[in-house]
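Here are my notes for a first look at this entry. Please read them with the structure open beside you.

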Amino acid sequence: MKSLKNHISLIVALFTVLFAVQIYVAVDRTIAAYETRLKNDYSIIVVSNKTFTPVEFKAMDNLVERSEAIATDQVLNRLQGEMTKQNLDLLKLTLPKFYRLYLNRFPTPSEIGKLQKRLQKNPAIVRVEGYAQTHDTVYKLMLLFKDVVQVFSIAIAAVTSLLILKEMRLWQFQHSDRMSIMALFGAPMWLRSAVLFRLAIVDAIIATIVLCLAFFVIDQYGWMDVLLQTVGIKIQLFNFLNDGVRSLLIALGVAIALTLTIVIGNEEEE
Amino acid sequence: MDKVIIAENLSLSYKEFESIISKANFSIDAGSFVFITGASGSGKSTLLKSFYGAITPRAGSLMVGGVKMNKISTSKLNFLRRHIGVVFQDYKLIKEWTIEKNVMLPLIISGYTKDVSGAQVQKLLGHVKLIHQAGKYPPELSGGEQQRVAMARALAHNPILILADEPTGNLDEYSSQVIWNLLEGANSQLKTTIVVVTHHIPSEITVPYKHFHIELGNIHEVS
């Protein structure tokens with residue numbers, strides 16, 4: 001019973017580390033998905049006195065992915081009844097060209113500023129509208145959220161690592177008799193500590209399985225998907241192959257590293 | 001004759017200015033049977049500990065099996081210990097392991113195959129009359145039986161040297177007899193060097209032996 005309690009303590013601690021890491025990964029994925037959505041929705045409006053080709057816009061800044069001219073015919077057609085054909089033709093000639101620029105990724109506010117300046121260096125461009133402010137607030141909030149989650153994950157990982165270290169010291173204490181007897185008969189360090197490593201590895205595997213099950217349940221209930229869809233995002237919260245393998249490697253890495261710390265730090269007992 | 005243990009001006013202590021053994025000079029021949037006697041707290045067990053590297057000499061030199069014990073590396077110490085069998089007064093058996101696995105310990109450490117070590121363990125458990133207890137755990141056995149298991153373990157890997165600290169201290173007559181018979185058998189048949197720390201030399205001993213006595217930190221040869 002005592003042994004089971006010790007196992008559960010380590011499994012819970014390892015699970016917490018893995019869960020914190022996975023949440024960070026999920027938030028990162030959410031923000032990446034949001035960035036893609038922003039990028040697809042986002043465009044810059046350029047007003048110019050002359051006609052520009054997409055290649056010319058691309059040459060101005062490599063952030064520009066493509067451009068399209070905004071048709072003015074619809075506006076002019078509306079004015080047809082109110083203006084004479086002569087005036088309309090004159091207006092057509094003097095009316096500036098409007099372009100919509102799509103970018104290859106969602107820029108940071110400073111990148112938008114730089115892009116605007118670079119475009120405005122061209123004398124033919126009279127106005128550039130970035131609409132940065134509107135997108136900026138939401139995006140900044142998301143970045144802030146990501147940073148908070150990151151700090152939170154690091155704090156959880158640090159605290160749980162300390163807990164694991166403490167748990168392993170307890171294990172070592174429980175196994176110290178056996179380890180010291182083995183030492184008296186010349187057992188090398190790895191053989192004396194084999195049971196600690198075996199326990200750590202088994203618990204790391206169990207913690208990973210529990211994590212997979214937890215995300216399987218979350219996935220089955222679908223409430224996270226509903227939440228994400230309300231902001232127009234669809235992501236895979238947990239990829240059982242990639243995330244599962246990564247989680248297993250993290251769990252094994254943490255467990256083995258902490259066991260090594262304990263074993264190496266321990267002086268041979270008489 | 002080859003010497004298994006050579007001590008020159010050997011001083012042992014746990015604290016810096018408190019010498020338990022001071023400037024001892026003695027040697028133990030390979031294949032001999034040696035008793036070390038002395039009053040309680042005279043340093044007999046401490047001396048024995050220094051033979052298997054559980055305590056490092058404070059001064060002088062100590063050679064065990066050709067290995068200098070003064071500044072011995074961990075790997076060398078492990079290697080040496082794999083050629084020594086130790087019997088402790090408190091048995092030092094692994095409680096979570098069966099009797100069979102406890103006896104097998106030195107063979108596991110030395111990397112013997114399961115077949116070889118299994119056969120050796122069966123033979124030794126037969127010698128100590130505990131073959132029927134092989135599957136039990138140490139707490140299920142009496143003190144005498146546990147010491148017989150410890151004795152079998154000490155012999156399992158055919159060591160060059162057996163160190164025994166009060167091996168029959170609290171044992172019944174039958175268990176004591178089994179222990180002395182085994183030690184004598186190992187000495188006479190396998191030419192294993194035996195060093196026994198004890199208060200009194202038992203009357204059952206039939207093999208020729210050497211006797212060292214410790215008094216006030218000094219070691220002198222009695223016979």
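**Notes on the fold and packing**

1. Burial in chain A. Of the 270 residues in chain A, 24% are buried. Keep in mind that this is a predicted model.

2. Make-up of chain A. The chain holds 10 helices and 4 strands. Along the sequence, the pattern of chain A reads α-β-α-β-α-α-β-α-β-α-α-α-α-α. Contacts reach far along the sequence. Take those in chain A between residues at least 6 apart: 84% of them join residues at least 24 apart.

3. The sheet. The 4 strands of chain A form an open sheet, ordered S2-S3-S1-S4, with antiparallel pairing. Strand S2 (64–69) and strand S4 (125–129) of chain A are the edge strands; each has a single partner strand, so one side of each has no neighbour in the sheet. From one strand to the next, the twist averages 25°.

4. The S1 and S4 pair. Strand S1 of chain A covers residues 43–48, and 4 bridges join S1 to S4(A). The two strands run antiparallel. To find the pairing on screen, start at Val46(A), which stands opposite Val128(A) in S4(A).

5. A helix on the sheet. Which strands does helix H5 of chain A lie across? Helix H5, residues 109–120, lies across S1 and S4 of chain A. The helix runs at about 165° to S4(A).

6. The helix pair H8 and H10. In chain A, helix H8 (residues 194–221) packs with helix H10 (residues 242–265) at an angle of about 150°. Their axes are 9 Å apart. Angles over 145 degrees count as roughly antiparallel, so H8(A) is roughly antiparallel to H10(A). The crossing of H8(A) past H10(A) is right-handed. On the H8(A) side, the contact residues include Leu196(A), Phe197(A), Ala200(A), Ala204(A) and Leu211(A). On the H10(A) side, they include Gly244(A), Leu248(A), Ala251(A), Ala255(A) and Val263(A).

7. The largest nonpolar core. This core has 71 residues. Which of them touch the most other members? They are Val103(B), Val128(B), Met151(B), Ala152(B), Ile162(B), Leu163(B) and Val195(B). Look at Val195(B) in particular. Leaving out residues up to four places away in sequence, Val195(B) touches Ile28(B), Val34(B), Ile36(B), Leu48(B), Phe51(B), Leu161(B) and Leu163(B).

8. Another core. Apart from the largest core lies another, of 24 residues. Leu18(A), Met168(A), Phe238(A) and Ile250(A) are among its members. As general background, nonpolar side chains tend to be buried together in soluble globular proteins.

Definitions and conventions: Residues are numbered from 1 along each chain as its sequence is written. Chains are lettered from A and ligands numbered from 1 in the order in which they are written. This is a predicted model: local features need pLDDT of at least 70, side-chain atom pairs count only at pLDDT 80 or more; totals for chains, interfaces and linings use all residues. Two strands pair if DSSP finds at least two bridges between them. Axes are lines fitted to C-alpha atoms, for helices over the stretch in contact, and angles run from 0 to 180 degrees between N-to-C directions. Two residues are in contact if their C-beta atoms, placed from the backbone, lie within 7 Å. A residue is buried if 20 or more other C-beta atoms lie within 10 Å of its own, exposed if 12 or fewer, and partly exposed in between; C-beta atoms are placed from the backbone. A nonpolar core is a set of buried Ala, Val, Leu, Ile, Met, Phe, Trp, Tyr and Cys residues joined through C-beta atoms within 7 Å. Angles under 35 degrees count as roughly parallel, over 145 as roughly antiparallel, 65 to 115 as roughly perpendicular and the rest as oblique. A crossing is left-handed if the near helix is turned anticlockwise from the far one by less than a right angle, and right-handed if clockwise.
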